[in-house]
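User: Please take a close look at one part of this structure and walk me through it. I am in my first year, so explain each term as it comes up.

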Amino acid sequence: MVAVAILAAGRGTRMKSDLPKVCHNLGSLSLVERVVNSCFTVDPLRCLVIVGYQSERVKKSLDGFSGIEFVEQHEQLGTGHAVQQLLPHLEGFTGDLLVLNGDVPLLQPDTIKQLLETHQTHQNAATLLTAKLPNPQGYGRVFCNEQNLLKEIIEDRDCTPEQKQNCRINAGVYCFNWEKLAKVLPQLQANNDQNEYYLTDAVGYLDRVMAIDVEDYQEILGINDRKQLAEAYKILQTRVKDNWMQAGVTLIDPDSITIDDTVELQPDVIIEPQTHLRGNTVIGSGSRIGPGSLIENSQLGQTVTVQYSVVTDSIVKNGTRIGPYAHLRGHVEVGETCRIGNFVELKNSQLGDRTNVAHLSYLGDATLGNRVNIGAGTITANYDGVKKHRTEIGDRTKTGSNSVLVAPVTLGNDVTVAAGSTVTENVADNCLVIARSRQVVKSGWRLKSQSE
Ligand code: UD1
Ligand code: CA
């Protein structure tokens, strides 16, 4: 029986931010979301998150999870004080309690599983994750005997210069026998440099506490300031990109590319330099994305190409070419083998197969059939100043250059719109529409010069 507690009540002063530290994003997820995610592997009976500083924002950041219990720590008097708040909530609980700092976002689920297994096999009162860091500054130092049984944890600021030489640090990730911890929690005192109640002191009061080193110290890096946040992002990016390369994705100049860990790529995708893939994006095999593109929350089919373009909240089907310099946003759906070309913006529009919008267009709130050709500079006037209206365009219809389609308006199948037209009324199938004033030519006409 395992319960999980995540400490997320602190402000995170060192971030110098109005936003609580654990709500800062690392890629597409906040720090605390990542910590919660890493715990599911142990199938916890309960998941308690201790909140305090701007608790509403922290709770909101965890909206996506069900079954989380929030425990208020009204005054933030330290990590030990935070865990003390659990006493009334876990009364009578007899299992193990996994405690994690909310600012340790790179933990791998397997590491947590191993921590729990070691804890249970050795029947420890507590087991904690440690690592030897090249730069241990700022972390609590862990002192053990040869059997890795804990003697003491001393916070960086409370260490003597000699104690600071010890580079084995406390990760802030612990597994406790709850009944034993509950007994020592009330004994905590705040006689340290920060006048706080330290959870690490409670660890010191227990009789059999084991420390285990993680294999990869990068997993347990705690985020206290923006620099550490940026370092963690780099580590996360390396992890994500290495995985995709192993899975058969080509990254040209990986350092210039960023990929959220929520993105899915199929084999033989090629990502060109300066390209950023975000959110719930999926890209099908054989697609070539970039250079210079941003794809966010979008599903791209197979053999799609995108150059110097931004695609958000959209679906693009197989074989379609996007860009250079196109912008798809707000629920666009583009069919197969289409071409969305230079300087084209599509918003909340659905396009059939083999339809082209090749140059200089804005299509908003429009539905286009198959094999439509939108001429250079065609614009949907979808907004009357108050409301948005739709434009419907049938199969094989062609619009001439610089035409304006004033919505709401419907063009049938096989319609041809003359260049320069302003179309304000519906057009039936198989029609030519010319909606512009006739050209007037006055022969033999010349501007009189003033001297004449
Ligand atoms: C803590 C550990 C340190 C360890 C390091 C690992 C203590 C005393 N020290 O130090 O040994 O090496 O983590 O990263 O535990 N929090 C609350 N309520 C509070 C105070 C903090 O919920 O009253 C939360 C914070 O939101 C944060 C976490 O606890 O998520 C850790 O707090 P932080 O102040 O960052 O502790 P460190 O100084 O890093
Ligand atoms: Ca910390």
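Analyst: **Loops and a ring cluster**

Glutamine 274 sits in the loop between strand 15 and strand 16 (276-278). Strands here are DSSP runs of E, at least two residues long, while helices are runs of H or I of at least four residues, and both are numbered from the N terminus.

Before we go on, a word on what you are looking at. This is a predicted model, in which local features need pLDDT of at least 70 and side-chain atom pairs count only at pLDDT 80 or more, while totals for chains, interfaces and linings use all residues. Residues are numbered from 1 along each chain as its sequence is written, chains are lettered from A and ligands numbered from 1 in the order in which they are written, and side-chain values use heavy atoms, with hydrogens and water left out.

**Backbone details**

Back to glutamine 274: its phi is near 60 degrees, which is positive although the residue is not glycine. With a relative accessible area of 48%, glutamine 274 counts as partly exposed. For these words, buried means under 20% relative accessible area, exposed means over 50%, and partly exposed is in between, using a 1.4 Å probe and protein chains only.

Aspartate 268 also has a positive phi without being a glycine, at about 65 degrees. You will find aspartate 268 in the loop between strand 14 (264-265) and strand 15 (270-271). Its relative accessible area is 57%, so aspartate 268 is exposed.

Two cis peptide bonds can be traced as well. One joins glycine 290 and proline 291, with omega about 5 degrees; proline 291 belongs to the loop between strand 18 (288-289) and strand 19 (294-296). Another runs from glycine 323 to proline 324, where omega is near 0 degrees. Proline 324 lies in the loop between strand 24 and strand 25, and that loop leads us to the rings.

**Following the rings**

Four aromatic pairs occur in the structure. Two of them are worth tracing here. The ring centres of tyrosine 308 and tyrosine 325 are 5.6 Å apart with their planes at 15 degrees, so this pair is stacked. Distant parts of the chain are linked by this pair: tyrosine 308 is in the loop between strand 21 (305-306) and strand 22 (310-312), and tyrosine 325 is in the loop between strand 24 (321-322) and strand 25 (326-329), 17 residues apart. To be called a pair, rings of Phe, Tyr or Trp (its six-membered ring) must have centres within 6.5 Å; planes under 30 degrees apart are stacked, over 60 edge-to-face, and the rest tilted.

How covered are the two tyrosines? Tyrosine 308 is partly exposed, because its relative accessibility is 39%. Tyrosine 325, at 44%, is partly exposed too.

Tyrosine 325 has another partner: with phenylalanine 343 it makes a stacked pair, 5.3 Å centre to centre and 10 degrees between the planes. Here again distant parts of the chain are linked, since tyrosine 325 is in the loop between strand 24 and strand 25 and phenylalanine 343 is in strand 27 (residues 339-347), 18 residues apart. Phenylalanine 343 counts as exposed, because its relative accessibility is 51%.

Put these ring pairs together and Tyr308, Tyr325 and Phe343 are linked into a cluster.
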